[in-house]
Amino acid sequence: MEKGNGCYFSIMASSATITFFLIGITLVVCRVLYAMYWSNKPLRKRAPQPVSTLIVLGSGGHTAEMLNLLSVLQKDRFSPRIYIAAATDNMSLQKARLFENSLADETGVSAVKTAQFLQIYRSREVGQSYITSVWTTLLAIVHALQLMIKIRPQVIICNGPGTCIPICAIAFLFKVIGIRWSSIFYVESIARVKRLSLSGLLLYKLRIADEFFVQWPQLQRKYPRAHYVGCLM
């Protein structure tokens with residue numbers, strides 16, 4: 001009799017464990033779908049107050065395009081601005097500092113009060129093998145997590161560098177678990193005429209970006225959830 005009771009309680013415990021596991025998985029899936037659904041809806045209007053903005057810079061033309069985009073934004077609306085670039089990309093942050101200094105000269109407000117400049121480990125260097133990039137990608141994700149916990153931006157603006165992927169992934173994770181709802185704005189590079197970059201494709205297909213912009217009409221026809229904004233350069 002005792003042996004039978006033991007088997008019965010063992011079966012009940014196993015059933016309860018499986019039930020709780022399935023409930024947990026269901027809740028996680030529902031929360032992920034919720035975040036994906038609302039990440040692709042028009043943003044709700046907010047009170048006209050400044051929003052902390054994380055700006056992801058990339059080497060070469062990415063930074064030039066980003067600074068050109070920032071030049072037409074309402075600076076007092078997107079403030080403070082936190083610039084982030086790969087640890088091996090000093091040139092992009094130098095350009096960002098020059099940009100902020102020029103704004104300070106115009107407005108009389110010190111760049112120290114309106115901007116920060118940070119670096120993050122790069123997921124993969126140009127020419128790096130995919131095998132060794134597994135370790136560097138994990139390192140970049142951990143570093144991105146540390147930075148995002150510290151910064152918790154309200155808005156993230158990026159335009160294609162691979163550096164943005166760990167950051168946007170962490171931002172989406174924060175949405176799912178309810179830490180911070182960061183609105184992600186992705187602007188595809190003007191160099192992408194017929195197809196999206198790998199970064200853009202990931203953010204588009206996984207529905208991570210809240211707003212997705214392209215600069216060529218044929219891209220908008222191919223990816224209908226994107227918004228065509230014309231050439232920004």
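Where does Arg152 lie? Arg152 sits in the loop between α5 (130–151) and β4 (155–158). The legends below return to this residue after an overview of the chain. The model is predicted.

**View 1. The whole chain has eight helices and seven strands.** This view sets the scene for the close-ups. The protein chain holds 233 residues, and buried residues make up 39% of them. Now take the contacts between residues at least 6 apart in sequence. Of these, 71% join residues at least 24 apart.

**View 2. Helix α6 is largely enclosed by the rest of the structure, because 10 of its 14 residues are buried.** The helix runs over residues 164–177. From its first C-alpha to its last it reaches 20 Å. That is close to the 20 Å expected at 1.5 Å a residue. Which residues of α6 are buried? They are Cys164, Pro166, Ile167, Cys168, Ile170, Ala171, Phe172, Phe174, Lys175 and Val176. The list includes Lys175, and lysine counts as charged. Look just past the end of the helix as well. There, Gly178 takes a positive phi of about 80°.

**View 3. Helices α6 and α7 pack with their axes 10 Å apart.** Helix α7 covers residues 198–205. The angle between the two helices is about 15°. Angles under 35 degrees count as roughly parallel, and α6 and α7 are therefore roughly parallel to each other. The crossing of α6 past α7 is right-handed. On the α6 side, the contact is made by Cys164, Ile165 and Cys168. On the α7 side, Ser199, Leu202 and Leu203 take part. What kinds of residue make up this contact of α6 with α7? Five are nonpolar, one is polar and none is charged. Spacing along a helix helps in reading such a contact. An α-helix has 3.6 residues a turn, so residues three or four places apart point the same way.

**View 4. Helices α2 and α3 also form a packed pair, at an angle of about 20°.** Their axes are 10 Å apart. That angle makes α2 roughly parallel to α3. The crossing of α2 and α3 is right-handed. Thr63, Leu67 and Leu70 are the α2 residues in the contact. They meet Ser92, Lys95, Ala96 and Phe99 of α3. By type, the residues of this contact divide into four nonpolar, two polar and one charged.

**View 5. Several strands and a helix help to cover the buried residues of α2.** Which residues of α2 are buried? They are Thr63, Glu65, Met66, Leu67, Leu69 and Leu70. The cover includes β1 (53–56), β2, α3 (90–107), β4 and β5 (183–187). Thr63, Leu67 and Leu70 are among the buried residues. These three also belong to the contact with α3.

**View 6. Val72 lies in the loop between α2 and β2.** Is Val72 buried or exposed? Val72 is exposed, with a relative accessible area of 64%. Now find Leu232. Along the chain, Val72 and Leu232 are 160 residues apart. In space, their C-alpha atoms are separated by 9.7 Å.

**View 7. A cis peptide bond joins Ser79 to Pro80.** Its omega is near 0°. Most residues other than glycine have a negative phi, and most peptide bonds are trans. Ser79 is in the loop between α2 (61–70) and β2 (81–86). Pro80 is in the loop between α2 and β2 too. Ser79 counts as buried because its relative accessibility is 17%, and the cut-off for buried is under 20%. What touches Ser79, leaving aside its neighbours within four places in sequence? Ser79 is in contact with Pro50, Val51, Ser52, Thr53 and Thr114.

**View 8. Arg152 and Arg207 each have a positive phi, although neither is a glycine.** For Arg152, phi is about 45°. For Arg207, phi is about 55°. Arg152 follows α5, in the loop before β4. Arg207 is in the loop between α7 and β6 (211–214). How exposed is each residue? Arg152 is partly exposed, with a relative accessible area of 37%. Arg207 also counts as partly exposed, at 34% relative accessibility.

Key. Residues are numbered from 1 along each chain as its sequence is written. This is a predicted model: local features need pLDDT of at least 70, side-chain atom pairs count only at pLDDT 80 or more; totals for chains, interfaces and linings use all residues. Side-chain values use heavy atoms; hydrogens and water are left out. Helices (H or I, at least four residues) and strands (E, at least two) are DSSP runs, numbered from the N terminus. The expected span of a helix is 1.5 Å times one less than its number of residues. Buried means under 20% relative accessible area, exposed over 50%, partly exposed in between (1.4 Å probe, protein chains only). Axes are lines fitted to C-alpha atoms, for helices over the stretch in contact, and angles run from 0 to 180 degrees between N-to-C directions. Angles under 35 degrees count as roughly parallel, over 145 as roughly antiparallel, 65 to 115 as roughly perpendicular and the rest as oblique. A crossing is left-handed if the near helix is turned anticlockwise from the far one by less than a right angle, and right-handed if clockwise. Contact means heavy atoms within 4.5 Å.
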